[in-house]
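Open the model in your viewer and keep the sequence panel beside it. The stops below say what to select next and what is there.

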Protein chains: 2
Amino acid sequence: MTNIRDLARVAGVSVSTVSRVLNDHPYVADDKRQAVQQAILELGYIRNQTAVHLARGRTKTIGVVLPYVDHPYYSAILQGIARRAFDAEYRFLMWQTNYEEERERLALQALSQREVEGLIVVSHALAPEEFLKFEDYGRIVFCENHPNVSTVYVDHYAGFRSGLEELIRLGHEKIGICLSREHSVNSIARKKAYFDLVPDARQEWIDTPALTVEDGARIASRWLASNERPTALLIASDYVASGVYMTLRKAGIRVPEDISLIGFDGHPLSAVMELTTISIPCEEIGGEAFRLVTESDKTERIILPFELVSRKTTSVRTNV
Amino acid sequence: MTNIRDLARVAGVSVSTVSRVLNDHPYVADDKRQAVQQAILELGYIRNQTAVHLARGRTKTIGVVLPYVDHPYYSAILQGIARRAFDAEYRFLMWQTNYEEERERLALQALSQREVEGLIVVSHALAPEEFLKFEDYGRIVFCENHPNVSTVYVDHYAGFRSGLEELIRLGHEKIGICLSREHSVNSIARKKAYFDLVPDARQEWIDTPALTVEDGARIASRWLASNERPTALLIASDYVASGVYMTLRKAGIRVPEDISLIGFDGHPLSAVMELTTISIPCEEIGGEAFRLVTESDKTERIILPFELVSRKTTSVRTNV
DNA sequence: GTAAAGTATGAAACGCGTTTCATCGCAAGA
DNA sequence: TCTTGCGATGAAACGCGTTTCATACTTTAC
């Protein structure tokens with residue numbers, strides 16, 4: 001492997017000059033610059049990035065912590081991060097955690113070991129404080145609403161509220177909700193909105209987990225089997241909502257005549273399924289998180305908007 | 001930043017001994033080991049991974065080249081890679097390319113610069129030969145069928161054949177297909193299967209691109225507007241097939257009475273949509289590709305199985 | 001009892017690019 | 001003519017952990 005010193009020898013210059021040529025620094029005479037470039041071609045020299053990282057003391061790499069990749073919400077955020085990272089000539093390492101704390105800790109370890117310069121925590125199991133212990137090693141940006149941290153998020157309380165208000169406006173009183181996980185910050189906010197706004201809110205009308213289409217099918221089956229059925233469901237993911245929708249239709253239930261459904265995320269799927277949904281800018285969450293983690297030097301909180309998109313799975317309550 | 005030499009000084013040993021302790025080498029006396037561990041705690045020492053990478057001459061990192069993350073096929077493969085990489089204590093860098101050659105070249109550059117030890121090329125725009133030029137720098141594994149390369153793939157010719165045979169068996173003669181991209185290896189294989197097996201195969205019944213649900217909606221609209229309609233569609237992705245399905249149903253077309261649909265991938269969505277599909281083990285593709293790129297030392301070709309899963313979007317042709 | 005084998009440890013080299021600091025030539029300003 | 005000052009360049013230090021090699025002391029083995 002030829003290195004910068006070989007280059008210097010062949011070109012008849014010092015290593016500093018070679019480095020200057022490599023990095024397009026000024027103050028290099030044309031003839032020497034050409035001699036170096038000639039040597040590079042002759043020896044087939046290729047820069048060792050690892051050495052550059054060590055010498056510069058930075059890796060131009062960030063870490064991304066998320067539970068699953070094969071889930072549209074997370075992959076959309078990841079897409080946003082990837083896009084922005086590419087433009088900024090940054091790389092990113094991903095920790096796909098399944099919400100296992102041990103895996104999240106590995107990402108923190110990488111941060112402290114200076115393998116990554118910052119961390120985007122899309123969703124996590126570990127307490128936020130555990131993350132903040134590592135703040136000295138690099139910026140940590142969350143995609144969930146925690147106090148006193150840099151974060152890019154959507155106000156899920158308000159988002160759920162808008163969905164619930166819509167259902168109430170349509171005359172629904174027996175409303176159920178489906179939450180992705182039991183105890184996440186988002187779920188807590190959403191649950192609060194539920195109990196704040198729905199007079200007849202009931203613990204047994206909260207279904208969880210709601211992450212996959214299969215969860216949707218399960219939720220629909222449960223609904224079918226229950227003797228006191230909500231007339232409307234606000235579901236934390238379009239994917240899950242699609243599962244619910246299809247399973248109910250299969251069972252002969254008419255949507256929205258028999259039950260109203262509202263999804264969440266605004267995934268393209270919701271459009272072809274004509275699902276009413278609360279749309280959020282997932283890619284932008286990722287992009288902004290990347291911007292914060294690389295550019296910002298103070299704690300920043302970015303709240304991105306949501307939008308209730310009414311389509312064909314919601315209507316005025318007709319039955320009891 | 002305290003380093004290994006500070007540690008040596010404080011512990012009263014040499015740097016070699018410190019390194020031995022850090023790496024659990026044998027041949028370190030207990031008292032010295034403890035002295036080093038004590039020093040580590042005292043000084044709050046944290047290993048610099050970049051230095052380790054440089055010294056060891058390896059990064060335990062591989063690169064992944066794929067066009068999009070927010071697409072279920074790719075994210076499922078990525079999930080497989082991520083899972084396996086975690087177990088092997090490997091990291092991976094991702095190049096999300098949008099099929100832009102320039103972006104793919106950046107991944108190759110990273111390989112040559114020893115930033116990554118190998119490359120998994122899930123799908124690509126650049127000619128395979130362009131990749132193979134870089135084989136000296138590390139193993140390159142494809143997830144598509146190219147000659148003379150390490151690859152993990154599904155036989156898409158056979159896969160499409162099985163779908164087409166099923167449709168023919170059901171009495172369909174006017175069969176259309178939807179391909180993800182015009183000129184990918186997979187599409188070429190699939191197109192060949194189409195022309196080999198379907199007597200009335202027509203160029204105008206090949207629809208492309210077919211990557212997103214929106215593509216599905218577009219394809220369905222085209223079908224609705226055409227005057228000579230295929231009675232069956234074999235679609236290269238469940239996502240797209242879902243889009244087709246929902247859009248046709250919206251328009252009052254009965255599936256499978258008026259048209260049979262077969263999807264591809266075996267995505268969970270196909271189950272709740274009751275879509276007939278050709279199921280392939282996406283996660284396993286990723287996992288095996290990871291295994292090859294890190295463990296194998298010769299060119300290996302792994303062909304993974306597919307399976308036709310008959311559900312409710314296919315039936316005997318009833319109309320003309 | 002002596003050779004062979006194993007245990008323990010440190011100095012120094014190594015991987016490799018970047019950056020600081022000193023130096024020197026030469027041109028512009030006084 | 002003398003002083004600034006900029007342009008150009010190299011030596012050496014730096015970032016930091018790993019590994020090789022030599023050395024020296026203990027144990028086993030015969």
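## Stop 1: a residue in helix 3

Select A:Q37, which sits in helix 3 (residues 30–43) of chain A. Bear in mind that this is a predicted model. Is A:Q37 buried, exposed or partly exposed? Its relative accessibility is 38%, and because buried means under 20% and exposed over 50%, A:Q37 counts as partly exposed. Now add A:V293 to the selection: the two residues are 256 residues apart along the chain, and their C-alpha atoms are separated by 36 Å.

## Stop 2: DNA strand C

Show DNA strand C with the residues around it. There are 27 of these residues, and the closest are A:R5, A:Y45, B:T17, B:Y27 and B:A29. Of the atoms of DNA strand C that come within 4 Å of the protein, 59% belong to sugar and phosphate.

Pick out three contacts to phosphate oxygens of this strand:

- B:T17 places a polar side-chain atom 2.5 Å from a phosphate oxygen of DNA strand C.
- A:I4 uses a polar backbone atom, 2.6 Å from a phosphate oxygen of DNA strand C.
- A:N23 has a side-chain N or O atom 3.1 Å from a phosphate oxygen of DNA strand C.

Next, colour by helix. In chain A, helix 1 (4–11), helix 2 (15–22) and helix 4 (49–56) each supply at least two residues of the surface near DNA strand C, as do helix 2 (15–22) and helix 4 (49–56) of chain B. Coloured by class instead, this surface shows 13 nonpolar, eight polar and six charged residues.

## Stop 3: DNA strand D

Move to DNA strand D. Which residues are closest to this strand? They are A:T17, A:Y27, A:A29, B:R5 and B:Y45, from a total of 27 that surround DNA strand D. Sugar and phosphate make up 60% of the atoms of DNA strand D that come within 4 Å of the protein.

Three contacts can be displayed here as well:

- A:T17 has a polar side-chain atom 2.5 Å from a phosphate oxygen of DNA strand D.
- A:A29 has a backbone N or O atom 2.6 Å from a phosphate oxygen of DNA strand D.
- B:R47 has a polar side-chain atom 3.5 Å from a phosphate oxygen of DNA strand D.

Helix 2 and helix 4 of chain A, together with helix 1 (4–11), helix 2 and helix 4 of chain B, give two or more residues each to the surface near DNA strand D. By class, that surface holds 13 nonpolar, eight polar and six charged residues.

## Stop 4: the axis between the chains

Hide the DNA and show both chains. A turn of 180 degrees, with a shift of 0.0 Å along the axis, lays chain A on chain B with an RMSD of 0.0 Å. The two copies are therefore related as by a two-fold rotation axis. To find the axis, select A:L93: its C-alpha, at 2.7 Å, comes closest to the axis of the residues of chain A. Both copies use the same surface, as 100% of the contact residues of chain A recur in chain B.

## Stop 5: a sheet in chain B

Finish in chain B, with an open sheet of six strands in the order 7-6-8-9-10-12 and mixed pairing. At the edges stand strand 7 (206–207) and strand 12 (307–309); each has a single partner strand, so one side of each is left without a neighbour in the sheet.

Zoom in on strand 9 (residues 260–265) and strand 10 (residues 276–279) of chain B, which run parallel and are joined by four bridges. Which residue of strand 10 stands opposite B:I262? Select B:T276 to see that partner.

Note on methods:
Residues are numbered from 1 along each chain as its sequence is written. Chains are lettered from A and ligands numbered from 1 in the order in which they are written. This is a predicted model: local features need pLDDT of at least 70, side-chain atom pairs count only at pLDDT 80 or more; totals for chains, interfaces and linings use all residues. Side-chain values use heavy atoms; hydrogens and water are left out. A residue is near a molecule or strand if one of its heavy atoms lies within 4 Å of it. A polar contact is a pair of N or O atoms within 3.5 Å; within protein, one must be able to donate a hydrogen and the other to accept it, and residues adjacent in sequence count only if both atoms are side-chain atoms. Ala, Val, Leu, Ile, Met, Phe, Trp, Tyr, Cys and Pro count as nonpolar, Asp, Glu, Lys and Arg as charged, and the others, Gly among them, as polar. Buried means under 20% relative accessible area, exposed over 50%, partly exposed in between (1.4 Å probe, protein chains only). Copies are superposed by least squares on the C-alpha atoms of residues with pLDDT of at least 70 in both. Contact means heavy atoms within 4.5 Å. Two strands pair if DSSP finds at least two bridges between them.
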